[in-house]
Amino acid sequence: MHAIVVYVLGVAGLLLLVSALPPLAARLRVPYTVLLAAAGIALGALIKGATVLDGLAGPLGDFFVSLSGLDLSSETLLYIFLPVLLFETALAIDVRRLMDDLAPILAMAVVAVFVCTFAVGYALWAVSPMGLVPCLLLGAIVATTDPAAVVSIFRDLGAPRRLTMLVEGESLLNDAAAIALFSLLLGMLTRRSDGGALEAALDFLRSFGGGACVGFVLGRLACLLVTPVRDQPMAEITLTVALAYLSFLLADHYLEMSGVVAVVAAALVVGSVGKTRISPDTWVALEHIWKQLGFWANSLIFLLVALVIPHIVERVSWSDVGYLAVAVAAALAARGVVLFGLLPALSAFGLAQRVGHATKAVMLWGGLRGAVSLTLAMAVTENGRVSAGVQEFVAVLATGFVFFTLFVNGTTLRPVMHKLGLDRLSPVERAMRNRALALSVARVQERVGDLARTYEIEELAAQRLLDHYGERLEAIESERHAEAPLSEAERVTIGLVILVNREQERYYAHFQEGILSRGVVEFLAARAARTLDAVRAQGEAGYAKAADGIIDFSLQMRAASWLHRHFGIQRPLARRLAMRFEVLVSVRMVLRELRAFSRQRLAQVLGPDSAAELDGLLAVRLDHVEKALAALRLQYPDYATVLQNQYLGRAALRLEAADYRALHAESVISQEVLNDLERDIAGRRRALEQAPTLDLRLDRNELVRRVPIFAGLAPERAARIVKLLKSRLVLPGETIVRRGDRGDCMFFIASGAVEVLVPGLETPVKLGSGDFFGEMALLNGQPRNADVRALGYCQLLVLEEKDFWRLVRKDPSLRTHIEDVAAKRRAPFLPVKAVAVPAGE
Ligand code: CMP
């Protein structure tokens with residue numbers, strides 16, 4: 001038979017098998033990979049005992065022939081499946097959250113890989129006849145964890161998202177770290193280089209860092225390419241597939257850097273930057289396709305490797321079993337040290353969330369190894385430059401290790417969690433569940449009667465159904481009476497969890513409707529996720545603090561403001577402010593929806609008192625948002641209007657599109673007409689998608705005109721003053737002048753208001769548009785005598801010390817005016833006779 005036909009038959013047959021396994025795994029409640037491995041081994045055993053199959057003819061016989069002849073070279077695994085597997089995992093990571101926790105994740109990933117590699121390596125070296133390098137190589141191979149099993153169980157349990165993120169992020173980066181370490185060790189083994197530890201460390205850094213750079217650059221390039229092919233889903237998705245392979249090959253083959261790190265970096269760039277460029281619909285499709293590709297890669301790697309297990313088993317000796325036991329024990333101990341030693345240390349420094357002992361135990365036991373380890377092991381066994389003894393050692397122990405974790409840890413993970421009580425609803429959750437059940441059963445019971453009448457169903461049948469619901473309701477009620485009633489605080493916490501989840505959902509819903517932009521949604525959704533963790537940890541207090549975080553000025557905003565102040569660069573500040581506008585408007589919209597939701601829905605589930613409490617919390621948040629928005633709008637009223645119009649425009653487009661589709665569904669317009677109309681809408685939507693640029697309105701001419709003491713000046717004098725002044729925008733709450741500092745400039749308020757915290761005065765002195773401050777330090781050469789803080793957004797004009805003197809020398813009347821004001825300000829604090837005007841210069 002033609003070779004290609006044999007191949008296709010083999011792979012298609014395996015895919016058929018793969019398609020049957022997920023439902024079976026769900027039914028048997030075992031992790032999917034465990035079942036996959038079992039199926040692969042069974043198939044391998046069947047082929048090996050080929051005599052049974054000898055008589056088979058036709059497609060089935062050919063299938064088995066094909067499998068026994070399938071040349072599963074490690075290169076197929078490395079170059080075809082591995083890039084897909086890694087790209088898919090990295091794409092699914094929420095980069096923003098990864099960045100939030102980068103320090104603990106990196107520490108966990110990189111440290112854990114090293115600890116495991118060395119623990120396993122040295123333990124095996126001590127007991128086996130192998131050299132140190134092959135033992136370390138094996139350690140690196142088994143240092144990567146496959147999070148799929150643990151993460152899916154965490155999801156079932158509703159574990160804190162940050163914890164899931166830690167596990168996912170760790171396993172992604174530990175793949176990269178372990179593979180980079182693996183390549184280094186393999187190089188040492190094959191090249192017989194003995195460059196020593198320092199050279200090895202430098203090599204590792206070069207390979208890791210270089211790979212990250214390649215991936216980053218290629219990822220950015222791909223994102224640039226996305227824009228011209230915008231709204232071309234097929235083209236965009238294809239581009240990402242090409243990117244996965246090209247970044248791997250370019251780094252690995254041409255530049256001799258870590259291809260794996262390059263793929264991961266490229267995927268992270270696409271997942272963050274690319275996501276904002278690719279349209280939402282396309283992104284959903286892209287995620288589906290990658291999930292599918294990842295599933296195929298993972299399944300085929302497992303099946304192909306499992307097929308050769310029976311051959312390996314044949315060669316296993318008792319000493320191998322002993323080595324395996326040592327490796328497993330060493331790896332477990334290493335992971336234990338990281339989880340129970342490093343993680344608590346990180347939380348002690350506030351770098352990571354506290355993780356309960358039970359959860360840590362699950363993370364320890366759930367450290368399954370997967371496709372990546374198998375692929376690496378294959379790469380060693382097929383490397384001609386590695387001695388046969390080492391090949392055999394790695395093949396037996398690495399596959400043994402992976403399958404041990406799958407069959408022993410994988411199958412016992414759920415019972416272990418059961419023992420630790422992690423799979424039970426907490427009393428609070430059970431009470432919630434019963435409350436929700438009681439409500440919905442009562443509602444259904446009410447409606448069943450109506451339904452029976454509408455559909456003219458027999459009285460008896462309807463009655464039977466009603467009785468059934470009545471019994472359920474009674475059972476639930478009796479269970480509810482038996483349980484301890486929930487305290488008010490518990491109920492409020494439950495309500496908050498519901499509200500935050502709902503909040504996040506609403507942001508996504510508005511995004512799907514095309515009303516919110518992706519950047520804003522991601523920011524808000526990430527904030528909501530963080531709020532959720534805060535509620536879980538600290539209840540109501542956590543909620544208030546975390547939720548108000550949206551209003552605080554972020555680090556980026558401060559950085560933008562710093563750039564503006566010190567280098568006069570306006571763009572980042574304008575962009576940040578524009579985003580703040582959109583964020584505040586969106587939060588306000590969603591908070592209003594949440595209040596309605598809380599009053600209608602939550603009041604039923606949690607009772608009126610808790611609902612009132614929740615409503616109060618929402619009202620406070622809304623108030624803060626309104627205030628922040630009002631302050632911004634006061635400064636930039638036109639921008640607020642532009643933004644509102646844009647929102648309205650997008651909502652209108654959505655209605656228009658729905659209308660056209662309805663007309664088409666009713667056959668009023670043909671497909672061609674619909675296409676034409678939709679193209680038109682797409683064009684207009686693009687125009688509305690760009691956030692309008694925000695003009696900070698810091699034109700000095702304009703600002704100088706707003707200050708009364710300059711307003712009356714002749715044009716050429718005014719022009720000269722304009723040259724001396726610098727404009728500056730300050731944010732609400734920002735301290736402009738600090739008491740005790742040396743004064744080297746003074747300020748004129750073109751718009752906005754500040755408060756002067758005068759020592760000895762109970763209430764701060766407020767200054768507004770047209771006023772000035774910071775003159776005293778210049779006049780008398782003493783340190784600043786008060787703090788001055790911005791009450792809202794302020795446009796200031798800054799006059800440097802030397803320019804101040806130049807100005808007042810030319811214009812004595814200006815000097816007199818400023819001195820008078822300063823004297824008046826100082827007057828109440830001086831002994832009566834000492835009201836003397838300082839001489840100035
Ligand atoms: P300076 O001392 O340079 O820095 C702090 C500024 O606060 C000070 O200049 C004045 O401009 C302002 N300031 C100090 N005291 C008062 C006051 N009583 N009323 C209004 N402004 C004041």
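**Exercise 1. Pairing of strand E8**

Strand E1 (residues 725–730) runs antiparallel to E8 and pairs with it over six bridges. The model is a predicted one. Task: find which residue in E8 stands opposite Leu 725, and which strand E8 pairs with over residues 745–751.

*Solution.*
1. Start with Leu 725. Its opposite residue in E8 is Leu 799.
2. Turn to residues 745–751. They form strand E3, which pairs with E8 in the antiparallel sense over six bridges.
3. Pick one pair here. Ile 749 has Leu 796 of E8 as its bridge partner.

**Exercise 2. Surroundings of strand E8**

Task: explain why strand E8 (residues 794–800) is largely enclosed by the rest of the structure.

*Solution.*
1. Apply the cut-off: a residue is buried under 20% relative accessible area.
2. Count in E8. Six of its seven residues are buried, so the strand is largely enclosed by the rest of the structure.

**Exercise 3. The ligand site**

Task: describe the shell around the ligand, then list polar contacts of the ligand with Glu 775, Ala 777 and Asn 785.

*Solution.*
1. Take the shell. There are 14 residues around the ligand, and Gly 774, Glu 775, Ala 777, Arg 784 and Asn 785 come nearest.
2. Sort by type. The shell holds nine nonpolar, two polar and three charged residues.
3. Assign elements. Helix H30 (residues 775–780) contributes the most, with three residues.
4. Read the distances, each to an oxygen atom of the ligand. A side-chain N or O atom of Glu 775 is at 2.6 Å. A backbone N or O atom of Ala 777 is at 3.0 Å. A polar backbone atom of Asn 785 is at 3.0 Å.
5. Check the cover. On its own the ligand has 460 Å² of accessible area, and the protein covers 96% of that.

Notes
Residues are numbered from 1 along each chain as its sequence is written. This is a predicted model: local features need pLDDT of at least 70, side-chain atom pairs count only at pLDDT 80 or more; totals for chains, interfaces and linings use all residues. Side-chain values use heavy atoms; hydrogens and water are left out. A residue is near a molecule or strand if one of its heavy atoms lies within 4 Å of it. A polar contact is a pair of N or O atoms within 3.5 Å; within protein, one must be able to donate a hydrogen and the other to accept it, and residues adjacent in sequence count only if both atoms are side-chain atoms. Accessible areas come from the Shrake-Rupley method with a 1.4 Å probe; for residues, only the protein chains shown count as cover. Helices (H or I, at least four residues) and strands (E, at least two) are DSSP runs, numbered from the N terminus. Ala, Val, Leu, Ile, Met, Phe, Trp, Tyr, Cys and Pro count as nonpolar, Asp, Glu, Lys and Arg as charged, and the others, Gly among them, as polar. Buried means under 20% relative accessible area, exposed over 50%, partly exposed in between (1.4 Å probe, protein chains only). Two strands pair if DSSP finds at least two bridges between them.
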